[in-house]
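The following exercises concern helix geometry and core packing. Please examine the sequence and the model before reading each solution.

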Amino acid sequence: MKEMEAAMGLMRRIPPKHTETALSALLSLMPNHSSDLLSQVDQPLQVLCDVDCGKEFILCEYNRDADSYRSPWSNKYHPPLEDGSVPSSKMRKLESEANEIFAIYRDQYYEGGSSSVYMWEDENEGFVACFLIKKDGSKTGQGRRGYLEEGAWDAIHVIEVGPEEEENTSYRLTSTVMLTLTTNNEASGTFSLSGSIRRQMNMKLSFADGHLCNMGRMIEEMEGKLRNSLDQVYFGKTREMVCTLRPPSEVAQMRMPES
């Protein structure tokens with residue numbers, strides 16, 4: 001347990017762009033904890049194209065079986081896997097609907113990027129849903145303003161939905177956002193910032209409007225809170241430090257002693 005606590009403490013302090021390298025090193029050092037590390041460490045998301053329908057989908061631990069990944073669009077594994085696990089027909093119908101709706105949400109809030117939703121039943125007569133968004137904000141990717149040399153936003157939302165009880169259902173949302181950005185131009189110079197943030201939310205809601213409405217409202221509220229937290233913690237503190245170390249010319253002149 002102490003080894004895992006130390007490993008998780010280390011991973012929380014690693015910049016997202018170095019997560020894959022650090023995780024690979026930990027897996028070599030701690031082979032007996034490989035399953036725990038892979039399930040608990042959030043890595044920057046990767047994207048693959050579903051050749052059957054020509055759409056991109058996001059790779060993660062929740063759609064992986066062996067070395068293959070299931071596409072939420074075609075429900076097929078890539079590379080092909082004969083006995084890969086798939087959701088039940090009822091769950092698959094809800095998953096397909098969620099992917100269509102979440103793609104609209106992604107376009108409205110992120111102006112592009114990739115999104116995927118995966119669902120599966122749990123052991124408590126409920127189900128779990130994973131909502132993923134990846135946006136490449138670099139000037140060579142999907143960054144429309146061209147400010148960033150490199151930039152990525154990875155959002156992972158996992159919602160545990162309890163069994164339906166009378167008129168209400170319990171929802172537990174765990175959200176992780178990983179942000180990486182690098183600038184390299186004459187105006188701002190070279191600047192790199194990366195980090196991650198995780199938050200949880202528990203709610204008990206009526207399922208009269210359907211699970212997708214409830215989960216969508218929770219994700220929308222959580223993403224707003226996460227964006228504000230990132231703005232205050234990363235950008236706010238960075239701005240404060242820069243202005244303290246290198247104050248604007250007006251402030252610097254006021255601080256200069258009179259001759």
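**Helix α4 and its surroundings**

Helix α4 is followed by E111, whose phi is positive, near 55°; helices here are DSSP runs of H or I with at least four residues, and strands are E runs of at least two, numbered from the N terminus. The model is predicted, with local features requiring pLDDT of at least 70 and side-chain atom pairs pLDDT 80 or more, while totals for chains, interfaces and linings use all residues. Residues are numbered from 1 along each chain, and side-chain values use heavy atoms, without hydrogens and water.

**Exercise 1.** Compare the expected span of α4 with the distance between its end C-alpha atoms.

*Solution.* The expected span is 1.5 Å times one less than the number of residues. For the 22 residues of α4 this gives 32 Å, and the end C-alpha atoms lie 31 Å apart, which agrees.

**Exercise 2.** Describe how α4 and α5 pack.

*Solution.* Step one: α4 (residues 89–110) and α5 (residues 211–245) meet at about 30°, their axes 12 Å apart; axes are lines fitted to C-alpha atoms over the stretch in contact, with angles from 0 to 180 degrees between N-to-C directions. Step two: contact (heavy atoms within 4.5 Å) involves, among others, L94, I101 and Y105 of α4 and L212, I219 and R227 of α5.

**Exercise 3.** Identify which element gives the most to the largest nonpolar core.

*Solution.* Such a core joins buried (under 20% relative accessible area, 1.4 Å probe, protein chains only) Ala, Val, Leu, Ile, Met, Phe, Trp, Tyr and Cys residues through side-chain atoms within 4.5 Å. This one has 32 residues, and M215 is among those touching the most other members. The element giving the most is α5, with 7 residues.

Technical notes: Buried means under 20% relative accessible area, exposed over 50%, partly exposed in between (1.4 Å probe, protein chains only).
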